[in-house]
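Trainee: I keep meeting words like "buried" and "in contact" and would like to know what earns a residue or a strand such a label. Could we go through some together?

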Amino acid sequence: MLFSPKRRCSNSKDALHYLLGIGMITTSVKPCKALKFPSAKFEGPKQLRHKGTKMELTITRPDDWHLHLRDGGLLEAVIPHSASYFGRGIVMPNLKPPIRTTAAAVAYRESILKALPSGSDFTPLMTLYLTDTTTPNEIKLARKSGVVFAVKLYPAGATTNSQDGVTDLFGKCLPVLEEMIEQNMPLLVHGEATNPEIDVFDREKVFIDTVLIPLVQRLPKLKVVMEHITTMDAVRFVQSCKEGFVAATVTPQHLLLNRNAIFQGGLQPHNYCLPILKREIHRQAIVSAVTSGSKQFFLGTDSAPHERQNKECACGCAGIFNAPVALSLYAKVFEEAGVLDKLEAFTSFNGPDFYSLPRNTSKIKLKKTPWKVPETFSYSFGDIIPMFAGKTLEWQPSSD
Ligand SMILES: NC(=O)N[C@@H](CC(=O)O)C(=O)O
Ligand SMILES: [Zn+2]
Ligand SMILES: [Zn+2]
């Protein structure tokens, strides 16, 4: 549905004509009716250029504020996809065993650097996996190391490799959270309640009500990133909190797909991720939030590769490998909303500003040239299927 080339929305077409001052790209505009468009005063992005018949957008190099790089052969296989487009990546610690200590994070960082293609200056920003037994001293060590930038909360049992996660945040982790405030260390949250009686589509909302709202009330100075938000409840929660203290990352899949995509034409394991895709109204709320220009929302792909055989099986893993298509898809979302001028803040400014890190100085180009997403990436250990495998996308990122 969201990929239907037939759908048109005249007001966004007008916005794009205004944006370009030309009428050349009408056939490639595929907006979604439900999106809100900016007022008539819309100003086109200064970064947009017209080269011959091709459109080209130049933006500050983006960072990925939520990324799974895995380890071993999988790490070597997937890292070039992130390294060629992104300057930095917040690397998730949910390995087996998890990255629980600064020492483990330092070692994991070394293996990531080793796996990088030669000449790449991609910077991995490491995270610690919070457990019931993490100590405040570990947070001090993490900050001192200069390589750990956040601590990740996985409620035990919520998602891939979360079995060692936290069972009782307020009961077990308060001293650690207080030390994180001292060290200005953000808490990154997989925001889903884990009680198996809770409907899988309600888990994010229940987590907001039972954990996040009490958390920000109790520790208003703690920096919190609600990762991979999926609902209008999450959008409202983030917007109700103080800018600079609470923010959210947003994935391409939660901007472009709703839960129908899991079942369309048969079960679609490559559209299965956690938190699970939600209803269309939730997708629309997330699109409105990111395209509004709010500084509280930034890019986090949650690119989560699993070998094909672990996705296409009786008990398939959650996670979508989107690193090869993510930038192209984010550009699509902003273009369809008529706000390509707001793409760069989402991809490249809001994240580093929240983390108090400098913005990247190098640039990246996105060209409007149709390209086909490979059906599969094949490696000696097996295949990885990317998001939108075999589909044609319009924006092609290049780092030259
Ligand atoms: N998003 C996912 O569906 N899976 C992630 C874990 C996570 O981010 O929750 C993974 O590591 O595979
Ligand atoms: Zn998660
Ligand atoms: Zn993730």
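Trainee: What makes you say that strand β9 is largely enclosed by the rest of the structure?

Mentor: Count its residues. In this predicted model, 5 of the 5 residues of β9 (residues 246–250) are buried, so the strand is largely enclosed. Val246, Ala248 and Val250 point one way, Ala247 and Thr249 point the other way, and all are buried.

Trainee: Why do the side chains split up like that?

Mentor: That's a general habit: in a regular strand, side chains alternate between the two faces of the sheet.

Trainee: How do you know that β8 and β9 pair?

Mentor: The cut-off is at least two bridges. β8 (residues 224–226) and β9 have 3 bridges, in the parallel sense, so by that cut-off they pair. One example is Val224, whose bridge partner in β9 is Val246. Between the two strands the chain runs through α8, and this β-α-β crossover is right-handed.

Trainee: And which strand pairs with β9 over 3 bridges besides that one?

Mentor: Strand β10 (residues 297–299), also in the parallel sense. There, Thr249 has Phe298 as its bridge partner in β10.

Trainee: What about β3 and β4, over how many bridges do they pair?

Mentor: Over 2 bridges, parallel. The rule asks for at least two, so that is enough to be called a pair. Leu67 has Val91 in β4 as its bridge partner. Together with α2, these strands make a right-handed β-α-β unit.

Trainee: Back to Ala248. Which residues does Ala248 contact, leaving aside its neighbours within four places in sequence?

Mentor: Val225, Met226, Ile229, Ala234, Val238, Gln296 and Phe297. Each counts as a contact because the C-beta atoms lie within 7 Å. Ala248 also shows up among the residues with the most contacts inside the largest nonpolar core, along with Val151, Met226 and Tyr330. That core has 100 residues, and helix α12 (residues 326–336) gives the most to it, with 7 residues.

Trainee: Why would nonpolar residues gather like that?

Mentor: As a general tendency in soluble globular proteins, nonpolar side chains are buried together.

Trainee: Asp233 sits in helix α8 (residues 232–240). Is Asp233 called buried or exposed?

Mentor: Buried. The threshold is 20 or more other C-beta atoms within 10 Å, and Asp233 has 20, so it counts as buried. Beyond its sequence neighbours within four places, Asp233 is in contact with Glu204, Lys205 and Ile208. Lys363 is another matter: 130 residues along the chain from Asp233, with 34 Å between the C-alpha atoms.

Trainee: How do you know that Ser348 is buried?

Mentor: Use that threshold again. Ser348, in helix α13 (residues 343–354), has 23 other C-beta atoms within 10 Å, so it is buried. Its contacts outside the four-place window include Ile59, Thr60 and Arg359. Phe86 is 262 residues from Ser348 along the chain, yet their C-alpha atoms are separated by 9.3 Å.

Trainee: What is unusual about phi at Arg70?

Mentor: Phi is positive there, about 60°, although Arg70 is not a glycine. Arg70 lies in the loop between β3 (64–67) and α2 (72–83). With 23 other C-beta atoms within 10 Å, Arg70 is buried.

Trainee: Asn161 has a positive phi too, about 50°. Why is Asn161 called partly exposed?

Mentor: The label covers counts between the two limits, 12 or fewer for exposed and 20 or more for buried. Asn161 has 17 C-beta neighbours inside 10 Å, so it is partly exposed. Its place is in the loop between β6 (148–153) and α5 (169–172).

Trainee: Last one: what makes the peptide bond from Leu274 to Pro275 stand out?

Mentor: That bond is cis, with omega near -5°. Pro275 is in the loop between α9 (252–256) and α10 (280–291). Another cis bond joins Lys96 and Pro97, with omega about -5°, and Pro97 is in the loop between β4 (88–91) and α3 (102–115). Leu274 is also one of the residues around ligand 1.

Conventions. Residues numbered from 1 in each chain as written. Chains lettered and ligands numbered in written order. Predicted model: local features only at pLDDT ≥ 70, side-chain atom pairs only at ≥ 80, totals over all residues. Near = placed C-beta within 6 Å. Helix = DSSP H or I, 4+ residues; strand = E, 2+ residues; numbered from the N terminus. Right-handed = clockwise from strand over helix to strand, strands pointing away. Contact = placed C-beta atoms within 7 Å. Core = buried A, V, L, I, M, F, W, Y, C linked by C-beta atoms within 7 Å.
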